[in-house]
Amino acid sequence: MKNRIELLAPAGSIEKLKIAVMYGADAVYIGGKFFSLRARANNFTLDDLKEGVDFAHQHKARVYVTMNVAAREEDFNECDLEEYLKYLQSIHVDGIIVSSMYIASFALNHTPNLEVHLSTQASITNSDSVNYYADLGIKRVVLAREVNLEQIKVLTKKAKVGLEVFIHGGMCSSFSGRCMLSNYYVNRDANRGGCAHSCRWNYDLYKKGIFKEKLVNKEGYFNIASKDLCAVTLIKDLIEAGVESLKIEGRMKSEYYIATVVRCYRKLIDAIYNNEDIDYNYYLEEIKKAENRETSTGFLKGDVTLTEQLYDSNDHPTKEFVGYVLGYDEDSKIATIEQRNNFKVGDMLEFFGPHLENTLYLVKEMTTQDGEAVSVAPHPRQVLLLKTDFLVTKGDMIRKKMDN
Ligand code: SF4
């Protein structure tokens, strides 16, 4: 195997960037305020971008900035492209992710220290296209989600540049970047980051007046959406195929989701490189602790069927995020935590962290910072003290079994 594969995580905010890096991402992709999709993802200000890059580089992680919007006239009026690119270069952003060949060639000409990666929005599915863009100076191509593993193996052999493959997260029922459902239904532009996920809504499905009950979910509705992608069982194949980067989708996802999913793939990738026996059930169960939709291997195992489509929209994670560790006093063995969801004395919690294995903990007692004993923690962001006989660290998280 050549260079270690990159684990690339989404970050919709500076906090999420730090969590992604701390929980094991080799690189993160983020959106600035300009030329980026995910308009609602708390996109980074210019100062945030610099802070994010500095933090990531201190931890030896790379940062790619997305500039993959289908840019309109107003995007160029709102922001001077050259100035923006030069700013990104000056703060040492490692690369930009683009779909427009105009923005790509502009960056190649004006900011030679910024790597240019071609977004999945370009729908690249063959090696001739990869190499066409490689010859123009593109350093990496993010493949379309619609290619399968056997095709990826061929592409990696023929490609002149590194290839990036989606391994986890939401899928579109159309080719990425080519869906207008949300525009038509609620006037929210999917290709400018405003997708309302209209494909996941519940529909009544009739054919020539006859209700198609075989195609409905447990709630009695049909939806068009595909299940989320989860490539846990295929990571070894993707590493052996010579893929350069494994990408997790989800700049809108929560801090808890990012921590759980990134940590899971980090552990799996490390275990593969260490030639350990892999218990895939462990990793799949880990993912389920944060994943709120059903998953499948998408197109990676070949063309999709009804089983890769989402029928039950009301799936939920097996665990919920209840707290965040702010600090630990080794002498008193007191952990200071910040509440993120309701829990109480008698609950069985699970601590986990970048360097902390899943550790069960029965809440026997807890106090406020003033030492007042409390039996429930109902207040968001309430600071509480818990005595633990194991070491925890700032940034570790706490979850508990989801109440059904
Ligand atoms: S509506 Fe569904 S298929 Fe269309 S862009 Fe949004 S997530 Fe993708």
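**Close-up 1. Strand 14 and strand 21 side by side, joined by 5 bridges.** In this predicted model, strand 14 covers residues 334-339 and strand 21 covers residues 383-387. Follow the two chains of residues and you will find that these strands run antiparallel. To pick out one pairing, look for Thr336, whose bridge partner in strand 21 is Leu385. As a reminder, strands of a sheet pair through backbone hydrogen bonds, either parallel or antiparallel.

**Close-up 2. The open sheet of 8 strands.** Stepping across the sheet, you meet the strands in the order 17-16-22-13-14-21-18-19, and the pairing is antiparallel. At the edges sit strand 17 (359-362) and strand 19 (373-374), each of which pairs on one side only. Helix 10, made of residues 255-273, packs on this sheet. Here helix 10 touches strand 13 (319-329), strand 16 (348-352) and strand 22 (397-401). The direction of helix 10 makes about 95 degrees with that of strand 22.

**Close-up 3. The residues around the ligand.** Which residues surround the ligand? They are Cys172, Ser173, Cys179, Ala190, Cys195, His197, Ser198 and Cys199. Sorted by class, this shell has 5 nonpolar and 3 polar residues, and no charged ones.

**Close-up 4. Helix 4 packing with helix 5.** Helix 4 spans residues 81-90 and helix 5 spans residues 101-110, with their axes 10 Å apart. Are the two helices parallel or oblique to each other? Their packing angle is about 60 degrees, and helix 4 and helix 5 are therefore oblique. Helix 4 passes helix 5 in a right-handed crossing. From helix 4, look for Leu81, Glu82, Leu85 and Lys86; across from them, helix 5 offers Tyr102, Ile103, Phe106, Ala107 and His110. The residues of this contact divide into 6 nonpolar, 1 polar and 2 charged.

**Close-up 5. Helix 1 packing with helix 2.** Now turn to helix 1 (residues 14-22) and helix 2 (residues 46-58), whose axes lie 10 Å apart. The angle at which they pack is about 10 degrees. Angles under 35 degrees count as roughly parallel, so helix 1 and helix 2 are roughly parallel to each other. Helix 1 brings Ile14, Leu17, Lys18, Val21 and Met22 to the contact, while helix 2 brings Asp48, Glu51, Gly52, Phe55 and Ala56. By class, 6 of the residues in this contact are nonpolar, 1 is polar and 3 are charged.

Terms used
Residues are numbered from 1 along each chain as its sequence is written. This is a predicted model: local features need pLDDT of at least 70, side-chain atom pairs count only at pLDDT 80 or more; totals for chains, interfaces and linings use all residues. Side-chain values use heavy atoms; hydrogens and water are left out. Two strands pair if DSSP finds at least two bridges between them. Helices (H or I, at least four residues) and strands (E, at least two) are DSSP runs, numbered from the N terminus. Contact means heavy atoms within 4.5 Å. Axes are lines fitted to C-alpha atoms, for helices over the stretch in contact, and angles run from 0 to 180 degrees between N-to-C directions. A residue is near a molecule or strand if one of its heavy atoms lies within 4 Å of it. Ala, Val, Leu, Ile, Met, Phe, Trp, Tyr, Cys and Pro count as nonpolar, Asp, Glu, Lys and Arg as charged, and the others, Gly among them, as polar. Angles under 35 degrees count as roughly parallel, over 145 as roughly antiparallel, 65 to 115 as roughly perpendicular and the rest as oblique. A crossing is left-handed if the near helix is turned anticlockwise from the far one by less than a right angle, and right-handed if clockwise.
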